[in-house]
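Some labels are worth checking against their cut-offs. Here is a structure to try that on.

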Amino acid sequence: MIERLQEVRWGFIGCGEATEKKSGPAFSMVEGSSVVAVMSRSKQKARSYAERHGIPKWYTDPQELIDDPDVNAVYIATPPSTHATYAIMAMKSGKPPYVEKPLAANYEDCARINRISEKTGVPCFVAYYRRYLPYFQRVKQLVDQGSIGTVINVQIRFSVPPRDLDYNRTNLPWRVQPDIAGGGYFYDLAPHQLDLLQNIFGPIVEAKGYCANRGGLYETEDTVSACFRFQSGLPGSGSWCFVGHESAKEDRIELIGNKGQLRFSVYTYEPISLYNEQGRQEIVVPNPPHVQLPLIKLVVEHLQQKSICTCDSNSGTSTNWVMDRILGKF
């Protein structure tokens with residue numbers, strides 16, 4: 001167990017696009033929390049980010065940032081292949097990490113993170129921030145209060161067209177390079193969906209998938225179909241396509257109950273659709289502009305011993321296990 005941190009002083013490892021609005025500003029919006037250092041392997045990028053965001057120090061070496069005595073917590077915002085390495089470096093230095101999702105590039109690396117966290121007593125948190133957004137908390141509330149009765153089936157449906165960069169064979173995005181990302185776009189986008197469902201219904205204990213590459217734009221899977229079962233016995237299925245036609249775009253999770261149906265999106269935040277004996281309702285729930293703020297606030301309060309955050313590496317590991325089972329990694 002680490003000592004209470006009265007002031008949480010963050011060092012960022014990685015300062016990509018996601019940190020500009022989704023997460024980065026939120027660390028300085030929580031009482032008793034500030035960003036004191038940032039690191040990028042690009043000297044120009046690290047210095048520019050520090051100057052633009054008023055961060056006093058910048059580094060090009062992750063170990064130097066972790067060793068900085070002014071840094072007592074570390075935000076890891078790099079591609080998944082380095083998550084385990086940097087998280088373990090931080091924990092061995094007694095500094096709790098907050099890691100972007102997914103927790104790691106594979107289930108085995110997640111297990112390594114958990115072993116070091118247990119051995120050192122240093123908690124490791126993972127950025128499954130959608131659990132704490134008002135939109136998804138409303139979904140959970142509707143389920144818990146029985147708005148659609150007993151949920152008897154869960155369905156994920158997701159389809160998007162290729163991105164422009166997917167056609168550039170000489171410079172493909174890191175998200176379709178399995179040695180960096182852990183898989184293709186499935187490993188990047190499915191984690192939030194699967195984590196949300198496990199947050200609502202409990203752990204998935206069985207999963208199997210069928211993967212294909214139908215577009216031929218890159219080597220990793222671009223189409224995935226899966227079936228899974230929660231510990232409660234609730235069955236579910238999912239379909240993901242990352243090379244679909246524009247007209248087939250879809251971002252939907254359907255919860256089918258014995259007294260109704262609930263539909264919501266994960267990335268587009270379409271109005272929540274509730275169908276039951278009262279008829280059809282559309283529920284609009286706005287989210288904060290910096291979407292990671294609610295979770296970051298809870299992590300900071302956990303480190304200040306004001307609250308407890310359960311969005312840790314142990315809870316995040318289950319999602320990697322499910323994805324690896326679907327992709328046939330073991």
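The questions below go through burial, contacts, salt bridges and one helix of this predicted model.

Q: Why is Ser 265 called buried or exposed?
A: Ser 265 is called buried because its relative accessibility is 1%, and buried means under 20%. Ser 265 sits in the loop between β12 and β13.

Q: What makes the approach of Ser 265 to Tyr 269 a polar contact?
A: The side chain of Ser 265 reaches the backbone nitrogen of Tyr 269 at 2.8 Å. The cut-off for such a pair of N or O atoms is 3.5 Å. A polar atom of the Ser 265 side chain also lies 2.8 Å from the backbone nitrogen of Glu 270.

Q: Which residues does Ser 265 touch, leaving out those up to four places away in sequence?
A: They are Tyr 135, Phe 136, Asp 251 and Glu 270.

Q: Why is Pro 271 called partly exposed?
A: Its relative accessible area is 28%. Buried needs under 20% and exposed needs over 50%, so a value in between is partly exposed. Pro 271 lies in the loop between β12 (260-264) and β13 (272-276).

Q: How do you know that Pro 271 is in contact with residues beyond its neighbours in sequence?
A: Contact means heavy atoms within 4.5 Å. With neighbours within four places set aside, Pro 271 is in contact with Tyr 135, Arg 263, Glu 282, Ile 283 and Val 284. Tyr 135 is 136 residues away along the chain, and the two C-alpha atoms are separated by 8.9 Å.

Q: What makes Lys 57 and Asp 68 a salt bridge?
A: Their side chains meet at 3.1 Å, N to O. The rule asks for a Lys or Arg nitrogen within 4 Å of a carboxyl oxygen of Asp or Glu, so a pair that meets it counts. Lys 57 is in strand β3 (residues 57-59) and Asp 68 in the loop between α3 (62-67) and β4 (73-76), so the pair ties together parts 11 residues apart in sequence. Lys 57 is partly exposed at 28%. Asp 68 is buried at 3%.

Q: How do you know that Arg 131 and Asp 195 form a salt bridge?
A: The N to O distance is 2.8 Å, and the limit is 4 Å. Arg 131 lies in the loop between β6 (125-126) and α6 (134-144), Asp 195 in helix α8 (residues 185-201), so the pair ties together parts 64 residues apart in sequence. Both ends count as buried: Arg 131 has 9% relative accessibility, and Asp 195 has 3%.

Q: Which residues are linked with Arg 252 in a network of salt bridges?
A: Arg 157, Glu 250, Glu 254 and Arg 263 are linked with Arg 252. One of the bridges joins Glu 254 and Arg 252 at 3.0 Å. Glu 254 is buried at 5%, while Arg 252 is partly exposed at 28%. By the same distance rule, the model counts 17 salt bridges.

Q: What puts the buried residues of α2 on the same side?
A: Ala 46, Tyr 49 and Ala 50 are buried in helix α2 (residues 43-53). They cover an arc of only 95 degrees around the axis, so they share a side of α2. Their cover includes β1 (8-13), α1 (17-23), β2 (33-39) and β3. The face turned away carries the exposed residues Gln 44, Glu 51 and Arg 52.

Q: What phi does Gly 54 take, just after α2?
A: Gly 54 has a positive phi of about 65 degrees.

Definitions and conventions. Residues are numbered from 1 along each chain as its sequence is written. This is a predicted model: local features need pLDDT of at least 70, side-chain atom pairs count only at pLDDT 80 or more; totals for chains, interfaces and linings use all residues. Side-chain values use heavy atoms; hydrogens and water are left out. Helices (H or I, at least four residues) and strands (E, at least two) are DSSP runs, numbered from the N terminus. Buried means under 20% relative accessible area, exposed over 50%, partly exposed in between (1.4 Å probe, protein chains only). A polar contact is a pair of N or O atoms within 3.5 Å; within protein, one must be able to donate a hydrogen and the other to accept it, and residues adjacent in sequence count only if both atoms are side-chain atoms. The arc is that of the directions from the helix axis to the C-beta atoms.
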